[in-house]
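Here are my notes, written as numbered points so that you can follow along in the viewer. I have kept to how the helices and strands are arranged.

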Amino acid sequence: MSPTIVNNVESLCHVKHILQMGGAEYAKLGTPNNTGTRILCVSGDVVNPGYYEVEVGKVTMGEVINVLCGGLKPGRKLKAIIPGGSSSKVLRADETYKLKDGREIGIMDIPMDFDTMAQCGTMAGSGGVIIMDDSRSMTWVINNLNNFYAHESCGQCTPCREGSLWMKKISDRIVGGTASPDDVDTLETVANQIEGKTICAFGEAASWPTQSFIKKFRDELKGDCKTELTGKIVSDEGLVASAKLVKA
Ligand code: SF4
């Protein structure tokens with residue numbers, strides 16, 4: 001086995017400019033405590049998704065959507081945003097955020113920097129901004145994310161290995177229409193049992209989406225469940241049937 005090292009490509013890209021400009025000059029880009037530039041990877045329901053390099057904190061979420069990305073798709077309303085990669089906690093379009101300086105801002109006014117994102121209860125993370133409009137099922141979204149995390153878990157620690165798989169299985173059931181409303185609560189419990197109990201940060205990365213989607217879209221997720229299944233155990237056959245339903 002050979003030693004390996006993984007470097008963040010975005011960080012390496014900055015090195016060239018820091019060496020060319022000098023650290024002090026480079027640090028004039030961006031905003032205090034949030035210096036330099038970031039490369040935002042905007043995907044989802046905007047007219048022009050893509051990569052956009054911006055000075056940290058110099059543009060707002062609204063400017064990213066409406067200026068850089070050409071706005072939402074015609075006739076659609078904003079529903080939610082994952083602001084910093086799929087593990088960052090989801091933001092609802094109708095929320096407001098109380099900042100340390102006393103200001104209360106809406107989602108479109110959030111500056112794209114690390115400190116403000118943290119004050120809004122999420123993170124700038126990897127810079128992967130996922131825009132979701134009102135055509136999106138939040139049940140489908142969290143199921144999609146849970147399938148990803150179950151696939152990516154390396155399996156070394158039990159809470160992540162088993163928990164990410166159970167989060168996938170339960171959200172498979174919800175999206176397939178074979179879950180009871182209790183399953184949403186169980187799903188939340190599983191996520192809570194992963195966070196802080198693993199040897200690498202993937203455990204948090206896997207649990208935060210489920211925790212935040214349930215916290216902010218609990219009614220929608222429960223609405224996709226069948227109340228008549230409350231207290232019943234869904235069979236493997238039900239799971240197979242739900243998988244076919246998703247594929248169709
Ligand atoms: S938390 Fe990290 S080390 Fe543990 S199983 Fe998940 S990916 Fe592997």
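Is the crossing of α7 and α8 left-handed or right-handed? Point 1 has the reply, and please bear in mind throughout that this is a predicted model.

1. The crossing is left-handed for the pair α7 and α8. Helix α7 covers residues 181–194, and its axis comes within 8 Å of that of α8, at a crossing angle of roughly 155 degrees. The two helices are therefore roughly antiparallel to each other, since angles over 145 degrees count as such.

2. If you would like to look at the side of α7 that touches α8, pick out Pro181, Val184, Leu187, Glu188, Ala191, Asn192 and Ile194. Their counterparts in α8 are Gly203, Ala206, Ser207, Thr210, Gln211, Ile214, Arg218, Leu221 and Lys222. Sorted by class, the residues of the α7 contact with α8 come to 8 nonpolar, 5 polar and 3 charged.

3. Helix α8 (residues 202–223) also meets helix α5 (residues 138–152), with axes that come within 10 Å and cross at roughly 165 degrees. That angle makes α5 roughly antiparallel to α8. Here too the handedness is left, as the crossing of α5 and α8 is left-handed.

4. On the α5 side of this contact sit Met138, Thr139, Ile142, Leu145, Asn146 and Tyr149. They meet Ala206, Pro209, Thr210, Phe213, Phe217, Glu220 and Leu221 in α8. The class split for the contact of α5 with α8 is 9 nonpolar, 3 polar and 1 charged. Ala206 of α8 is worth a click, as it appears in the contact with α5 and in the contact with α7.

5. Helix α5 has another partner in helix α6 (residues 158–176): the axes are 8 Å apart and the packing angle is about 150 degrees. This makes α5 roughly antiparallel to α6. The contact draws on Thr139, Trp140, Ile142, Asn143, Asn146, Asn147, Tyr149 and Ala150 of α5, together with Ser164, Leu165, Met167, Lys168, Ser171, Asp172, Ile174 and Val175 of α6. It has 8 nonpolar, 6 polar and 2 charged residues. As for handedness, α5 passes α6 in a left-handed crossing.

6. Now to the strands. An open sheet is formed by 5 strands, ordered β4-β3-β9-β5-β6, with mixed pairing. At its edges stand β4 (50–55) and β6 (91–92), each with a single partner strand, so one side of each has no neighbour in the sheet.

7. Both senses of pairing can be seen at β9. Strand β3 (residues 37–44) pairs with β9 in the parallel sense over 4 bridges, and serine 43 has isoleucine 130 in β9 as its bridge partner. Strand β5 (residues 78–82) runs antiparallel to β9 (residues 128–133), again joined by 4 bridges. Leucine 78 is bridged to aspartate 133 of β9, and isoleucine 81 to isoleucine 131 of β9.

8. Finally, the domains. The domain assignment gives domain 1 as 36–133 and domain 2 as 138–247, and their C-alpha centres lie 25 Å apart. The contact between them takes 7 residues from domain 1 and 10 residues from domain 2. On the side of domain 1 that touches domain 2, the classes are 3 nonpolar, 2 polar and 2 charged residues.

Conventions: Residues numbered from 1 in each chain as written. Predicted model: local features only at pLDDT ≥ 70, side-chain atom pairs only at ≥ 80, totals over all residues. Axes fitted to C-alpha atoms, helices over the stretch in contact; angles between N-to-C directions. Parallel < 35°, antiparallel > 145°, perpendicular 65-115°, else oblique. Left-handed = near helix turned anticlockwise from the far one by under 90°. Contact = placed C-beta atoms within 7 Å. Nonpolar A, V, L, I, M, F, W, Y, C, P; charged D, E, K, R; others polar. Domains from an automatic or database assignment. Pairing = 2+ DSSP bridges.
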